[in-house]
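Please open the model in your viewer, with a cartoon for the backbone and sticks ready for side chains. The tour goes from one selection to the next, and each stop says what to look for.

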Amino acid sequence: MTDFSDEWLSRRAPFDLAARDGELAVRFAAALGKTARVIDLAAGHGANFRALAPIIGGDQDWVLVDQDPMLLTAQAGEIARWAKREGWHCSSEAEGVVVETGSARWCAKAKRLDLSRDLERLDFASFTGVTTTAFLDLVSAPWLDRLAACLADRRLPLLATLSVDGRRDWHPPLPEDAAVLAAFLRHQGGDKGFGPALGVSAAAYLKDRLDGLGHETLAVKSDWRISPEHRRMLATLLEEATAVATAAEPRSAGLFARWLAERQAQLSGGLLSMSVGHLDLLALPRKTP
Ligand SMILES: C[S@@+](CC[C@H](N)C(=O)[O-])C[C@H]1O[C@@H](n2cnc3c(N)ncnc32)[C@H](O)[C@@H]1O
């Protein structure tokens, strides 16, 4: 179920929220100016907006871009439920979904766009910052070059959170873990619609590109830590790891199936936990002398 379904994005959201680096978010917020105008690339159902708007604090205008019409439609409901839980007023207006907290007004507008083709159609000049979450690892080096050029041209801050970096540790360890991981990582380099994906190297690649184009960059770990009581999440990740490894290396299907059976027994016994390595990347335009 680890596609981009609404259900999967909701299941991963609490782990994302716990893993995000708070310090980078605060530094990003400080770089946005008095009225923040933020574009969220590959926004899904709006998790990034919900995580960052309270940290940014003041009035904000967001554009939440995705190519999936179902996720774009889901954004309004997710934002409304979140606002209700927080005790804020939420309404649907012509300009987008508007959350009023009493001290701030946050407007989030959904925009449908295929970012692989149409990135440059976004009017970057009208924003004060760019965010993205759980997306960089899907894209290719040439696409990251295009994104870096857009950010450098307009001297825009970027906060790119939760890009996988290839570390996946199951506890307790098993001898087959290395083979499962190696096959899993081979699969990460497939084409997700942007050319061959950089996968686990994407955040480091973009960091280097932006360093070279006049941004000051910082990458820190933002790992998922999934403890034994989160059985549904662990079961999903076990099935995903096995399916992906088997697709990448069908000849080892038997080994992967035995690994899965042993892991499922640990899961049932409440003995299994894991961590998934991610990076958060902050890039701020260097101050001109
Ligand atoms: C792993 S999800 C992350 C969603 C969201 N940022 C979150 O954290 O919940 C990846 C997102 O990339 C979007 N996506 C994939 N290819 C895209 C494309 N070519 N153009 C726009 N969005 C795309 C998917 O629809 C999905 O919402």
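## A tour by selection

Select glycine 87, the residue that follows α4 and has a positive phi, near 80°. Bear in mind throughout that this is a predicted model.

From glycine 87, go back along the chain and select residues 69–86, which make up helix α4 with its 18 residues. Its first and last C-alpha atoms are 26 Å apart, close to the 26 Å expected at 1.5 Å a residue, although the helix also bends by about 30° at glutamine 75. Glutamine 75 is itself among the buried residues of α4, a list that also holds Leu71, Leu72, Ala74, Glu78, Ile79, Trp82 and Ala83. If you now show the surroundings of these buried residues, you will find them packed against the helices α1 (6–19) and α3 (47–56) and against the strands β2 (60–66), β3 (89–93), β4 (96–100) and β5 (105–112). At the start of α4, add aspartate 68 and methionine 70 as sticks, and a side-chain oxygen of the aspartate can be seen to reach within 2.8 Å of the backbone nitrogen of methionine 70.

Next, select the ligand together with the 18 residues that surround it, the closest of which are Ala42, Asp66, Asp114, Leu115 and Thr133. An oxygen atom of the ligand lies 2.5 Å from an N or O atom in the side chain of aspartate 66, while backbone atoms supply two further polar partners to label: a nitrogen atom of the ligand is 2.9 Å from a polar backbone atom of leucine 115, and a ligand nitrogen is likewise 2.9 Å from a polar backbone atom of threonine 133. Of the 590 Å² of accessible area that the ligand has on its own, the protein covers 96%. Before leaving, pick out alanine 42, which lies in the loop between β1 and α3 and has a positive phi of about 60° although it is not a glycine.

Then move to residues 141–154, helix α6, whose 14 residues reach 20 Å from first C-alpha to last, close to the 20 Å expected at 1.5 Å a residue. Its buried residues are Ala141, Trp143, Leu144, Leu147, Ala148, Cys150, Leu151 and Ala152, and the elements that cover them include β1 (36–41), α5 (115–118), β6 (129–133), β7, α8 (202–212) and β8 (215–221). Just after the helix comes arginine 155, a residue of the loop between α6 and β7 with a positive phi of about 50° although it is not a glycine; at 39% relative accessibility it counts as partly exposed.

Follow the chain into strand β7 (residues 158–171) and select aspartate 165. Is this residue buried or exposed? Aspartate 165 counts as buried, because its relative accessibility is 19% and the cut-off for buried is under 20%. Its side chain makes a polar contact of 2.8 Å with the side chain of arginine 167, and, leaving aside residues up to four places away in sequence, aspartate 165 touches Val200, Gly277, His278 and Leu279.

Finally, select histidine 171 and proline 172, which are joined by a cis peptide bond with omega at about 0°. Proline 172 is found in the loop between β7 and α7, and proline 173 lies in that loop too, where it is exposed with a relative accessible area of 64%. As a last distance to draw, proline 173 and tryptophan 224 are 17 Å apart in space, C-alpha to C-alpha, and 51 residues apart in sequence.

Definitions and conventions: Residues numbered from 1 in each chain as written. Predicted model: local features only at pLDDT ≥ 70, side-chain atom pairs only at ≥ 80, totals over all residues. Heavy atoms only, no water. Helix = DSSP H or I, 4+ residues; strand = E, 2+ residues; numbered from the N terminus. Expected span 1.5 Å × (residues − 1). Bend = angle between axes of the 7 residues up to and from the residue. Buried < 20%, exposed > 50% of the residue type's maximum accessible area, 1.4 Å probe, protein only. Contact = heavy atoms within 4.5 Å. Polar contact = N/O pair within 3.5 Å; in protein donor to acceptor, adjacent residues only side chain to side chain. Near = heavy atom within 4 Å. Areas by Shrake-Rupley, 256 points an atom, 1.4 Å probe, with all protein chains shown as cover.
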